[in-house]
Amino acid sequence: MNTPSLPDCRRVLVVDDAATVRMYHRQILEDAGFLVVEAINGIEAMEKALSDRFDLYLVDVNMPKQDGYGFLRELRSRDLPQAPAIMISTEAGPQDKYRAYEAGANYYLIKPIKPEVLLSHCRLLLGMGGRV
Amino acid sequence: MTDIAISLEEFRKFREFFYRKTGIQFEDSKRYFVDKRLSERIRQTEAGTFRNYFTLLRFQVSGEELQQLTNLMTVNETYFFREEYQLKCLVRSILPEIVARKKTGDVLRVWSIPSSSGEEPYSIALYVSELWPAINEWAIELISSDIDTDILGKARDGRYSVRAIQNIPPALLQRYFTPIAPNEYRIHQELRDSVEFTRVNLMNPLDTSCYRHFDVIFCRNLLIYFDDLSRRKAAEVFYDALNPGGFICLGHSESMSRITSLFRVRKFPEAIVYQKPELP
Amino acid sequence: MALIKPQTPFPDAQFPVAGVDSLADLLTTLNEPAPPARRWAARNLAAFTEAVPDLLAALMQETDASVREALLISLTEIGNAEAVAGLVECLRKEDVVLRNAAIDAMRSLPGAVAPIMKNLLTDPDADVRIFSVNILESLRHPDVEQWLIDVIGQDPHVNVCATAVDLLGEVGSSKACTALEALRSRFPDEPYIEFATRLALTRIREA
C-alpha cells in the first residue's frame, strides 16, 4: 500500500482489548500516514488522552474494566481539548448507534471494518475530505 | 548452560500476553532482556519448551509463575526517593488540592503500603517536611504497613546503606541522617517517630477494616505481583480506606486499567494518579 | 515539623468487622439506600453460598459502581455453578457494563465455566458466542483448541470467528492450520479475516 504521507501527522488513539484488532487498525492507519497510539480499555485510553493530544479516537465498545460508552462519556465530560470519535462494535442494532451518539461518538462502524471504510471515515471526521 | 532459543513470534506472543496482564510493554529492543529471563524461568520450571512454559503461565490458577516472572521482569530495588516524580506530585499538586477542601484543624492522613524496609514512608516524611510549603499549617499522620514483621522491624530501626540513600541531596542527608558505620546511615529519631508502622495483610478484612479516612495512599509496586482477583480486592480495600476525593498512587509501570474502574484517572503535571470520586 | 503519630487507634469503621452479622441481617442491609451499607453487605455475603440468588438479583439492578464491584467479587469468590449460571444470564442483558463485568468474573472461574463452555459456544445468540470465546482466553482445558477450531469451521457469524482466530494465534498449534486456511475461503471478502488468519498462522508456524 503506497499512499503519500500526509503533511502534518494526525494522531489517532486506537482503543480495543483485542491485540489483533489494534494491529489491524494500526497497519491501515500507519500506511495512510497517521500516528497511532494504542490502549486496551477505557481506563488506559483516558490515561493516554490526558497525557497527549489526539486528533481522533477509534473506540471499541466491549472492553474489560471500562467499556467504550463509559470512556466516551467521561472523555466528553472532561475539560480536555476534544476530538472526533468513531465507535466500533460487533453489534448492529439501531439502539446501539443512538447509544453511541449519545455517549459522544461522531460515527459508528460495525466490525470487521474494511480499510477503505475506516480511512474514508477518519478523513471525513478530520476534515480531510472523504477521498480514499 | 545454553539459553533456550525463543523465536521472534514467541517473543511477540509473550509480549502481548504480558502487556494485557500487567500493562508493561516491551519494545523490540528489550528482546534480549526478555528472552534471557524467559529462558531462565523455562529452565527453573523444567517446562522444556517455550510452548509448555507459556501454557503454564497462562493457565496456572494460583498465578504464582506469572508473579515470579513479573518479579524478574521488573526492577525491584527499593531506595530513598525512588520514583521521585510522585513525591513531587504529592507536594506540588495532590496536597494543595486536598487542603483546599479541608477546614483548619483537620488532620491529613497518608498510608504507605508496603513499607518494606522504610525507604518509601521515610521518603514521604522527608519530602513533606522539607518540600511542602504548607507543612507548618497542617498536621499529617503517616502510617506505613507491611505483611512481614521482620521487615517492619528493619523499617522502625531506620538503618540504611550508602546505596539506599544515594539520591538524597547532601543537605537533607546531613540534616536527617547520622553516619553510624562506614557503609551505614541511620535516620534521625524524629523521623522514625513520625511514621507509624503496622502489620497488615491486605487480603485479610480483619486487618484492613479499620483503615479509614485517608487522604493519600501510596501503593507502589505491590499490586503488580497479585493475581486478578486479589488486585480487585486490594483496590476495594483502598477505596474504602480513602476519603471521597482522596488519591492513590501506583508504581510507575502500574495502572488501574488492569485492576478496576472504581477510581478516576487524574493527570497532574508530575504524574498520573487515581482519585476516589468526590461526594456528589 | 507537623508530622504527627496517630493519636488513637484508627477511627472506627462505620461497620463492624466481617463475620458478626447473620445471613438474614446481611440480606436486609443489601437493600439499604446508602451505597456503603450495601457494599459492606455484599462483601460479607461472600461467606454464604445460599446468598447467590440474592447477590445475582442485586447485581442485575445495582447502579453504584462500588457496590457492583463488591457483588461481583463475592460472586467470584463463591464461584459455584449457580453463580456462573447467573453470570451467564448477565451476558444476555442490554447493560454493557453488566455484561463486561460478568465476562471478567467468569474469566476468574475457569473450573466452574468449563462444563458449560461447549453450550455457550453454540448459543443461538451470536453476541453470547463472542463473549464466550472471550472467556475461553483464561480457560485451561484440553479441548479449548478443538473448540476454537470447531468455531472457525462452523460458526456462521464473522465476528465470532474473528474472536476465535485471535485466540488461536495465542494458543493454537499446527492442528489449527487447516481450519485457519479454510476460514479465509469462508469469508473471502473480509480483509480483517485475511489479516487475522495470516497473523495466527505466522504465530503458529514460526513458534
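**Exercise 1. Locate Pro114(B) and describe the peptide bond before it.**

Solution. Step 1: Pro114(B) sits in the loop that links β1 (107-112) and α6 of chain B. Helices here are DSSP runs of H or I with at least four residues, strands are runs of E with at least two, and both are numbered from the N terminus. Step 2: the bond from Ile113(B) to Pro114(B) is cis, and its omega is near 5 degrees. Step 3: chain A also has a cis peptide bond, between Lys111(A) and Pro112(A), with omega about -10 degrees. Pro112(A) belongs to the loop between β5 (107-110) and α5 (115-125) of chain A.

The model is predicted: local features need pLDDT of at least 70, side-chain atom pairs count only at pLDDT 80 or more, and totals for chains, interfaces and linings use all residues. Residues are numbered from 1 along each chain as its sequence is written, while chains are lettered from A and ligands numbered from 1 in the order in which they are written.

**Exercise 2. Find the loops of Glu46(B) and Asn221(B), give the phi of each, and decide whether each is buried or exposed.**

Solution. Step 1: as background, most residues other than glycine have a negative phi, and most peptide bonds are trans. Step 2: Glu46(B), in the loop between α2 (31-44) and α3 of chain B, has a positive phi near 60 degrees. Step 3: Asn221(B), in the loop between β7 (214-219) and α12 of chain B, has a positive phi of about 60 degrees. Step 4: apply the burial rule, in which a residue is buried if 20 or more other C-beta atoms lie within 10 Å of its own, exposed if 12 or fewer, and partly exposed in between, with C-beta atoms placed from the backbone. Glu46(B) is exposed because it has 8 C-beta neighbours inside 10 Å. Asn221(B) has 21 such neighbours and is therefore buried.

**Exercise 3. Describe the side of chain B that touches chain C.**

Solution. Step 1: count residues in contact, meaning that their C-beta atoms, placed from the backbone, lie within 7 Å. On this basis 38 residues of chain B meet 25 residues of chain C. Step 2: list the elements of chain B that supply at least two residues each: α1 (8-22), α3 (50-59), α6 (119-131), β2 (139-146), α10 (189-194), α11 (205-208) and α12 (228-241). The most comes from α12(B), with 6 residues. Step 3: sort the residues on this side of chain B, which gives 18 nonpolar, 8 polar and 12 charged. Nonpolar covers Ala, Val, Leu, Ile, Met, Phe, Trp, Tyr, Cys and Pro; charged covers Asp, Glu, Lys and Arg; the others, Gly among them, are polar. Step 4: look for strand pairing, which requires at least two DSSP bridges between two strands. β2(B) and strand β1 (residues 3-4) of chain C run parallel and are joined by 2 bridges. Within this pair, Ile140(B) is opposite Leu3(C).

**Exercise 4. Give the strand order of the sheet that contains β3, β5 and β4 of chain B, and identify its edges.**

Solution. Step 1: the order is β3-β5-β4 in an open sheet of 3 strands, with antiparallel pairing. Step 2: β3 (159-161) and β4 (177-181) of chain B each have a single partner strand, so they are the edges and one side of each has no neighbour in the sheet. Step 3: β4(B) is joined by 4 bridges to strand β5 (residues 184-187) of chain B. Pro179(B) has Tyr185(B) in β5(B) as its bridge partner.

**Exercise 5. Characterise the fold of chain A and the surroundings of its helix α3.**

Solution. Step 1: chain A has 5 helices and 5 strands, running β-α-β-α-β-α-β-α-β-α from the N terminus. Step 2: its C-alpha trace spans about 35 × 35 × 25 Å along the principal axes. Of its 132 residues, 52% are buried. Step 3: in α3 (residues 68-77) of chain A, 7 of 10 residues are buried, including Tyr69(A), Phe71(A) and Leu72(A). Step 4: the buried residues of α3(A) pack against β1 (11-15), α2 (42-51), β3 (56-60), β4 (85-89) and α4 (94-103) of chain A, together with α6 (96-107) of chain C.

**Exercise 6. What ipTM and pTM does the model score, and what is the mean pLDDT of chain C?**

Solution. Step 1: the model scores ipTM 0.91 and pTM 0.92. Step 2: chain C has a mean pLDDT (the predictor's confidence in each residue, from 0 to 100) of 91, and 92% of its residues reach 70 or more.

Note on methods
Contact = placed C-beta atoms within 7 Å.
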